[in-house]
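Grab a pencil and get the sequence and the 3D view ready. Let's work through a few exercises together.

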Amino acid sequence: MSSKVERIILAGFGGQGVLFLGKVIAETGMHAGKNVSWIPSYGPEMRGGTANCSVILSENEIASPMVTVPDTVIAMNRPSVTKFNQKIKAGGMLMYNSSLIERQEFRDDIRLVEIPANEIAEELGNPKVANLVMAGAYSKFSKLITFDDLVACLPGLVKGAKKEMLDINLAAFKKGFDYVEEKKYMFGRYVYSVFKGI
Amino acid sequence: MSKWVINESLCKGCGICIARCPLKILAYADHLTPKGVYPAAITDEAKCTSCAICARSCPDVAIEIYKEEK
Amino acid sequence: MNLPFSSDAAPATFLIGGAGAGKTELALNLSVFKSSRYGGSTLIDLDIVNPFFRVRKLREEVEALGVKVICPGDRVVSGDIPALPPAAWGALEAPGQAVVCDIGGGEPGLRPLGRMKDIAAARGANVFFVINPFRPGFTSPGELAESFRHMCGLSAMQVTHLVANPNLSGETSVELFREGLAMVQDFAGKTGLPLAFAVVASELAGKLGVAIEGLPGFYSSGDLDVFVLERYWSVPWHFGVVR
Amino acid sequence: MAKVLMKGNEAIGEAAVLAGCRYYFGYPITPQSELPAYLAKRLPEVDGVFVQAESEVAAINMVYGSGSAGARVMTSSSSPGISLKQEGISYIAGAEVPCLIVNVMRGGPGLGNIAPAQSDYWQSTRGGGHGDYRTIVLAPNSVQEMADMTITGFDLSDRFRNPVLLLSDGVLGQMMEPVNLPEPHDYNINSKKWALGYRGSDKNERNLCSSIFLDNDELEEHNWHLYQKYQVITDLFSKGEYKDFAVEEHLCDDAEIILVGYGIISRILKTVVEKCRKRGIKAGLVRPKVLWPFPTAVFERLAKTASQFLVVEMSCGQMVEDVKLSVDGKKPVFFFGRTGGTVPSDFEILNEVDKLVRPD
Amino acid sequence: MTMKKVFSRPASLSKTPFHYCPGCDHGVIHRLVAEAIDELEVGDRTIGVAPVGCSVFAYDYFNFDFNQAAHGRAPAVATGIKRTRPDSIVFTYQGDGDLAAIGTAEIIHAANRGEKITVIFVNNAIYGMTGGQMAPTTLIGMKTQTSPYGRDASTAGNPIKMSEMIATLESPVYVTRVTINSVANLMKAKKAIYNAFKLQKEGKGFSFVEVVAICPTNWGKKPADSHKWLTENMLPVFPLGTFKDTLGVEKSA
């Protein structure tokens, strides 16, 4: 992953909160002093049951905000994998919600990260925060935003939320981040083989 | 005693005032105005009770009525 | 020598007829003719229908020829506002100059005449029904009769004469003129209304054997009175241009 | 003020409030509905007026009324709705009433779809309604510019008593970027002496806002008066104070091929130019930021140095005509476009550049 | 001995002669509006909205500010003006084509929003301006340029009764229909127009006065005959009366 720019597509069913997830990442990037852009799926792409958005985090000025070749795809459901799997840049990352997506034969030139986001969210007592679990997980990989940035940004994103809600959001971040940490993904190397034959 | 005044430059000769005057003391004048209209005129001002029906009926607001103040 | 049309001296002439019958051109010519013959005339523009064919467009040109033009106020001259000029009533009432009234084409143009029928009757006005048998709605004896009946009903005025204006604009030939004229003559016979005269464009007059001394004017062609037109109004996109 | 992450549509709304706009009249249509939604919430907070009209036709006429009464007023819509507004825009231009109109373009003709498009270029720059008139057309390409040009738009419309059109598209309307919001302006509704209801002590005649001139000469005089105003505006944008505002050039000085695009396309073209340069192709970018008056002078100048032009649009080719007029046959002008909601990718544009630069 | 004015031209009416045909009711209705404005002493803060139709030049006949709106759009324009300058007295002056056909949406919704404006609706059952075409209020069987065989309800519908329609809405505070076919009715019309503006002055809400009027030119009748025709033919279809007076302005006056 280039240290200068991260191009992300976030996709899932409507209602899984992928647009908000994108906004969380973009807003965090902005507060971390990066250039950012966020575009929701729009037009013909909207058909077919997936909602998605594109986010760019960059050290430099963002020319085109369109993401055609993502560095990272965060997929919350199966159709999103089908739709975006082939577009990921070689050497990029597919981070997917393994609660809803079965392990399968993916491309072997990308990094795979599986997060059982729904299960983690249910453990926390609120299935709606599965998206934020992914945000926490993403911060583990990002070179442009950190977990602390994410945490710092949260109160501004959920203005007027009750303390319990804020707490559960923070917990979701943390769980996602920790999940990646515990699994000890090998950063900087392509770990496609990790899943092969397991 | 009343005074009946018409602004002939506004009168279009439609005849509504003549038709509505309860005392029938209005008629067309026998001269043309510069605009080519035979205007309404009062034939017997002494009889006018200043009821102002003519003035109120005039679509061109051409008539003014005055009455002697006691 | 101009042959005066016998009823020409009537103090007021109303021209009615279908849209495009040639009323406005005839009204212009008649008023110019009357102006030269009687030392002045008045042309009243009562057209509330089509702003593109109103005599007011040619006001300055005909006024230079001694015709007093009465038309709605200056501010509505280019507007689609059917305001009638109040001076029209004054002009019809006033004794003196000959008055020609141009009425807008088609049925709606006839409606305002309802406001004038009494004054027209009191003045013994000529009411000319102008027929161009080459206009839609007038091309067969049946159609012509139906249109005539219908329009007379709307105009509320008693038609006193027919006027034949058989033309296909620039394509009018002698044969065509005679063919159309015959139809109007036939119609005049059926209705018992006199055919006052036929309208002839100056270009055609020579071919019909009319010796012209001055335009516009009344001439005789055999047993027919013809009124030969000066073309003031050639085509609407040339309006305002007088030769 | 700190940066905030905003959608393009929301940025317009907030910038309008900061510009002193307190009146919004609109009707919902995708993809601009966030803007009325934003203002419905925001305007009451600043004692402003938000009215959801019964139609776009009514909305633009409310704008006409409010603008004629001296307000800074705006409306917004998307392509089919802008078509409905054209009657009112023509009246507003005729009566010389200032206002801001936002078009977040979507696909057409007809109902088309809700996807982003740039197919209202002709409608926007050629008047759109009946009669001889012009609207100033601003074309932002970022959320920041959506905000900035909203404010510029109000200033321009007040200065020239002319409607200003902010021509955006679905992508810009929907995308979020950080925005530096400008400082709020105070706007005094009684600053326009000609406005209806103006009751300053220097008012001696009644005021009239009208586009009717039934007298031929009066209308002709009015038409030439408008024309002269448009000439003044054109001069200010081509050589006067708005010269630099009107157009952005990027790496044009030594460029052999000039890419031309406005709005979101210009962002993609910037990426294409960077990629071209990496591959040794001397590409440059011209981005008209103002579509009327069109920055003709830039093209006249570049036609001397560049060897060809490629215009890229999300339409079947509309602005390309203005570029051709400006280049005036001196150099070839090519076109590449996508429609139906597809935003062309940098790769496909690069492919087009390749075909032109390396024709074998 | 001094002479006292019994009747003269109201101050709000300009000196410009009307362009209307001789005998046209527009002149009287203009005057009634001007008198109401004068009597309420709001001439310095009144803004009119002129429509498209014969009264397109209405703005020239009053001494206060005016906007000239597109056909049918006057209530929308008035909404914009009133919302922007709530302390102004804003009224529209519209004909039947303007208000009851092309601008139906605008009038209904302005009424329904309860815009605090006054609408003067002149209904003469015909399109005067364009030469006597059928209006939405044209009577059944009435012949016009575009209903040459008489209005046929089966294809052209029935005359729209705007006052009745608007009175069904919750928001309007005053909806009344008057005429000026006689001096007595004229005085009632004057009162109605006064009431409508009075309500607006008090900040009360949407007021609507329909004036059933004549078009002697397009009807082809002299003014007196036109008023007679109106009485015999229009009033049975468009009955006079007040359809809504939420605040009881007529009784309080």
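Below are five exercises, each with a solution that goes step by step.

Before you start: this is a predicted model, where local features need pLDDT of at least 70 and side-chain atom pairs count only at pLDDT 80 or more, while totals for chains, interfaces and linings use all residues. Residues are numbered from 1 along each chain as its sequence is written, chains are lettered from A and ligands numbered from 1 in the order in which they are written, and side-chain values use heavy atoms, with hydrogens and water left out.

**Exercise 1. Who touches whom?**

Task: find which of the 6 pairs of chains that touch has the most contacts, then check chain A against chains C and E.

Solution:
- Start with the rule: contact means heavy atoms within 4.5 Å.
- By that rule, chains D and E have the most contacts among the 6 touching pairs.
- Chain A doesn't touch chain C, and their nearest C-alpha atoms are 46 Å apart.
- Chain A has no contact with chain E either; here the closest C-alpha atoms lie 31 Å apart.

**Exercise 2. The interface of chains D and A**

Task: describe how chain D meets chain A, from the residue counts down to single pairs.

Solution:
- Count residues: 27 from chain D are in contact with 22 from chain A.
- Next comes the buried area (the accessible area, with a 1.4 Å probe, that two parts lose on being put together, summed over both). For this pair of chains that's about 1,900 Å², and carbon and sulfur atoms give 72% of it.
- Look for the big contributors: Leu5(D), Met176(D) and Arg267(D) supply 30% of the area that chain D buries against chain A, more than any other three residues.
- Now hunt for salt bridges (a side-chain nitrogen of Lys or Arg within 4 Å of a carboxyl oxygen of Asp or Glu). The count between these two chains is 1. Glu61(A) pairs with Lys270(D), with 3.4 Å between the closest N and O atoms.
- Ask which element gives the largest share of chain D's side: α9(D) does, with 5 residues. (Helices are DSSP runs of H or I with at least four residues, strands are E runs of at least two, and both are numbered from the N terminus.)
- Finally, sort chain D's side by type: 14 residues are nonpolar, 7 polar and 6 charged. (Ala, Val, Leu, Ile, Met, Phe, Trp, Tyr, Cys and Pro count as nonpolar, Asp, Glu, Lys and Arg as charged, and the others, Gly among them, as polar.)

**Exercise 3. One face of a helix**

Task: which residues of helix α10 of chain D are buried, and what covers them?

Solution:
- Set the cut-offs: buried means under 20% relative accessible area, exposed over 50%, and partly exposed in between, using a 1.4 Å probe and protein chains only.
- In α10(D), which spans residues 296–305, the buried ones are Val298(D), Phe299(D), Leu302(D) and Ala303(D).
- Look down the helix axis: these residues fall within an arc of 135 degrees, so they line one face of the helix. (The arc is that of the directions from the helix axis to the C-beta atoms.)
- Their cover includes the strands β11, β12, β13 and β15 and the helix α11 of chain D.

**Exercise 4. Salt bridges within a chain**

Task: take three of the structure's 52 salt bridges and work out where their partners sit.

Solution:
- Glu123(A) and Lys175(A) meet at 3.9 Å, N to O. They link α3(A) with α6(A), 52 residues apart. Glu123(A) is exposed at 61% relative accessibility, and Lys175(A) is partly exposed at 36%.
- Lys229(D) and Glu96(D) meet at 2.9 Å. Lys229(D) is in α8(D) and Glu96(D) in the loop between α4 and β5, 133 residues apart. Both are buried.
- Lys192(D) and Asp158(D) meet at 2.7 Å. Lys192(D) is in the loop between β9 and β10 and Asp158(D) in α6(D), so the pair ties together parts 34 residues apart in sequence. Lys192(D) is buried at 7%, and so is Asp158(D) at 18%.

**Exercise 5. A serine in its surroundings**

Task: is Ser79(D) buried or exposed, and what does its side chain reach?

Solution:
- Place it: Ser79(D) is in helix α4 of chain D.
- Check accessibility: with a relative accessible area of 7%, Ser79(D) is buried.
- Follow the side chain of Ser79(D): it reaches the backbone nitrogen of Arg106(D) at 3.0 Å.
- List the contacts beyond four places in sequence: among them are Asn103(D), Val104(D) and Asp120(D).

Methods:
Polar contact = N/O pair within 3.5 Å; in protein donor to acceptor, adjacent residues only side chain to side chain.
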